[in-house]
Amino acid sequence: MTTSSTQLSACFPLLEQIPQAHRMNQAIHQRHYVIDGELARWDGAVKTVRSPICERQPDGSVQQIEIGSYPVMGEAESDAILDAAVRAYDNGRGAWPTMPVAGRIACMQDFVRQMAAQRELIVKLIMWEIGKSLADSRKEFDRTVEYVQATIESLKELDNGNSRFTVVEGTIGQVRRTPLGVVLCMGPYNYPLNETFCTLIPALLMGNTVVFKPPQYGTLLFEPLLEAFRSAFPAGVVNTVYAPGAVVVPRMLASGKVNVLALIGSSKVADHLKKQHPKSHRLRAILGLDAKNAAIVLPDADLDLAVRECLLGALSFNGQRCTALKMLIVHRSIVDEFLRRFVAALDKLVVGMPWTDGVSITPLPGPHRTAYMREAIDEAVANGARVVNPGGSESCGTLFYPAVVYPVREGMKLYREEQFGPVVPVMAFDEVDEALDYVITSDHGQQVSIFGNDPQQIGALVDPLVNQVCRVNLNCQCQRGPDVFPFAGRKDSAEGTLSVSDALRAFSIRSMVATKQSDANKQLLNAIVHDHRSTFINTGFIL
């Protein structure tokens with residue numbers, strides 16, 4: 001079936017056709033932000049938020065629906081917000097970094113209880129702000145709550161393991177993990193809640209104070225959490241800044257007051273920001289960056305399985321995932337059949353609004369994203385590729401029908417650039433070294449998928465690939481979870497490792513107290529422990 005721009009226009013509803021249960025009955029005009037334990041009032045400039053979801057006009061044209069607004073701050077406000085986090089940390093003497101781990105856990109559990117009460121509104125805002133399907137928006141919220149609980153349990157295990165003294169060569173020592181300082185936390189628009197909290201939550205639990213800048217798309221969904229941020233944590237522990245990143249983020253880093261940069265974004269931005277810090281060796285960076293994950297489909301692959309996994313891997317949430325499959329490398333002997341089956345499967349995907357049952361293709365954040373997809377495809381076609389699926393690359397407003405582009409080769413944007421959208425580049429290979437060479441020469445090194453059944457060939461591929469990427473997936477798409485597994489990247493794809501346990505380590509450092517093994521020192525340590533004179537020196541156990 002060929003999809004036209006007229007058909008895509010018809011996917012957008014008239015205002016009265018939006019189901020009552022899924023309507024934004026009231027726009028959210030955010031006028032507060034969190035600073036120093038208070039909800040401060042904002043009366044300055046604001047940014048209008050327009051949803052990827054468009055309203056269809058009587059003439060068939062479409063118009064993005066306005067759903068609210070949020071503050072647009074400047075340098076003076078960002079300076080004050082950063083200073084609040086600095087005061088709360090107080091060079092490690094603040095209430096939060098010196099609080100017992102059990103106390104920080106109790107604050108986080110209070111926050112999660114308040115967060116859970118806002119589930120319905122936050123899910124609706126994820127759907128309306130970024131166009132994510134209702135099912136996936138619910139999944140993102142629930143997975144985030146599960147992640148917080150799992151991180152709390154991991155912290156208990158980590159702290160309990162350190163609640164003892166070690167005696168080595170006449171020295172008594174106790175080693176614990178301690179905070180790093182002030183964290184600047186910035187998340188991505190594609191998983192605005194989950195990916196943001198995968199850095200924010202461990203940073204807080206380890207005793208750091210935070211300046212949190214919401215993503216450009218997916219800002220309003222944090223408005224229902226502002227009171228929870230304010231009330232669950234001591235003053236200044238969580239502070240929110242709403243300002244153009246290009247204006248305030250380099251300034252905050254240049255101040256030297258930021259100890260940790262937690263960013264899910266692009267490598268170019270990360271490189272620029274790290275250079276702003278006056279003492280870059282003091283800046284810890286935890287970064288989730290670009291990816292151009294490839295799928296290598298070998299000649300003996302189960303084609304039905306490969307097509308199913310590659311379709312999910314390339315087009316889940318419109319391909320707007322760092323773990324998405326962004327290049328399919330298929331053996332020439334099967335590429336025609338692979339494409340035939342892939343296009344047939346793609347043709348069955350449901351295109352529509354996020355609340356549509358079974359929907360796969362939903363609106364993109366804005367027309368600028370569809371413009372980029374069109375530009376990349378036109379450039380590939382001008383250099384010898386073609387769009388192999390009927391209707392591929394048709395668009396209307398924020399809806400873009402997926403395009404399968406073949407053959408993609410070196411020199412085309414789609415060969416190396418991360419498209420981050422519903423475009424599926426495909427290339428053929430004759431010798432397996434060609435597929436391997438693509439991964440080796442890539443600037444990115446997050447994950448790769450291999451589809452095949454020959455143990456000898458797959459084993460021979462795995463060994464070099466694990467030295468190029470951080471996860472090799474066998475006969476399945478690339479993905480992040482389960483969250484207990486390490487999530488990392490080589491080259492330009494990441495810095496630091498995120499998972500439930502790894503993130504706690506990423507936002508902390510090992511510190512220790514040591515003394516010579518003598519009767520007097522034993523008595524001293526026993527007295528400190530017995531009388532609870534230190535939160536660091538203790539042998540308590542958190543249940």
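This briefing describes how selected helices and strands are arranged in the structure above. The model is a predicted one. Two open sheets are covered, one of 3 strands with mixed pairing and one of 7 strands, also with mixed pairing. Two helix pairs are covered as well, namely H4 with H5 and H10 with H11.

**The hairpin of S2 and S3**

- Strand S2, residues 32–35, and strand S3, residues 38–41, run antiparallel and are joined by 4 bridges.
- Within this pairing, Val-34 has Leu-39 in S3 as its bridge partner.
- The two strands form a hairpin with 2 residues between them, and Asp-36, which lies in the turn, has a positive phi of about 55°.

**The sheet of 3 strands**

- The strands of this open sheet follow the order S1-S5-S4, and their pairing is mixed.
- Strand S1 (28–29) and strand S4 (46–56) stand at the edges with a single partner strand each, so one side of each is left without a neighbour in the sheet.
- S1 and strand S5, which covers residues 62–71, run parallel and are joined by 2 bridges, and His-29 stands opposite Ser-69 in S5.
- Helix H4 lies across S1, S4 and S5, and its direction is at about 80° to S4.

**Helices H4 and H5**

- Helix H4 spans residues 119–130 and helix H5 spans residues 134–161; their axes come within 9 Å and cross at roughly 130°.
- H4 and H5 are therefore oblique to each other, and their crossing is right-handed.
- On the H4 side, the residues that meet H5 are Arg-119, Ile-122, Val-123, Ile-126 and Met-127, while H5 contributes Leu-134, Ser-137, Arg-138, Glu-140, Phe-141 and Asp-142.
- Sorted by class, this contact of H4 with H5 has 6 nonpolar residues, 1 polar residue and 4 charged residues.

**The sheet of 7 strands**

- This open sheet has the strand order S17-S20-S21-S14-S13-S23-S24, again with mixed pairing.
- Its edge strands are strand S17 (386–387) and strand S24 (471–474), each of which pairs on one side only.
- Strand S23, residues 447–451, runs parallel to S24 and is joined to S24 by 4 bridges, with Ile-450 standing opposite Leu-474 in S24.
- Helix H10, residues 303–315, packs on the sheet and touches strand S13 (293–297), strand S14 (325–331), strand S21 (423–429) and S23, while its direction makes about 155° with that of S14.
- In a regular strand, side chains alternate between the two faces of the sheet.
- In S24, Arg-471 and Asn-473 belong to the covered face, whereas Val-472 and Leu-474 belong to the uncovered one.

**Helices H10 and H11**

- Helix H10 packs with helix H11, residues 335–346, at an angle of about 55°, and their axes are 10 Å apart.
- H10 and H11 are therefore oblique to each other, and H10 passes H11 in a right-handed crossing.
- From H10, the residues Leu-303, Asp-304, Ala-306, Val-307, Cys-310, Leu-311 and Leu-315 meet Glu-337, Phe-338, Arg-341, Phe-342, Ala-345 and Leu-346 in H11.
- The residues of this contact of H10 with H11 divide into 10 nonpolar and 3 charged, with no polar ones.

Technical notes: Residues are numbered from 1 along each chain as its sequence is written. This is a predicted model: local features need pLDDT of at least 70, side-chain atom pairs count only at pLDDT 80 or more; totals for chains, interfaces and linings use all residues. Side-chain values use heavy atoms; hydrogens and water are left out. Axes are lines fitted to C-alpha atoms, for helices over the stretch in contact, and angles run from 0 to 180 degrees between N-to-C directions. Angles under 35 degrees count as roughly parallel, over 145 as roughly antiparallel, 65 to 115 as roughly perpendicular and the rest as oblique. A crossing is left-handed if the near helix is turned anticlockwise from the far one by less than a right angle, and right-handed if clockwise. Contact means heavy atoms within 4.5 Å. Ala, Val, Leu, Ile, Met, Phe, Trp, Tyr, Cys and Pro count as nonpolar, Asp, Glu, Lys and Arg as charged, and the others, Gly among them, as polar. Two strands pair if DSSP finds at least two bridges between them. Buried means under 20% relative accessible area, exposed over 50%, partly exposed in between (1.4 Å probe, protein chains only).
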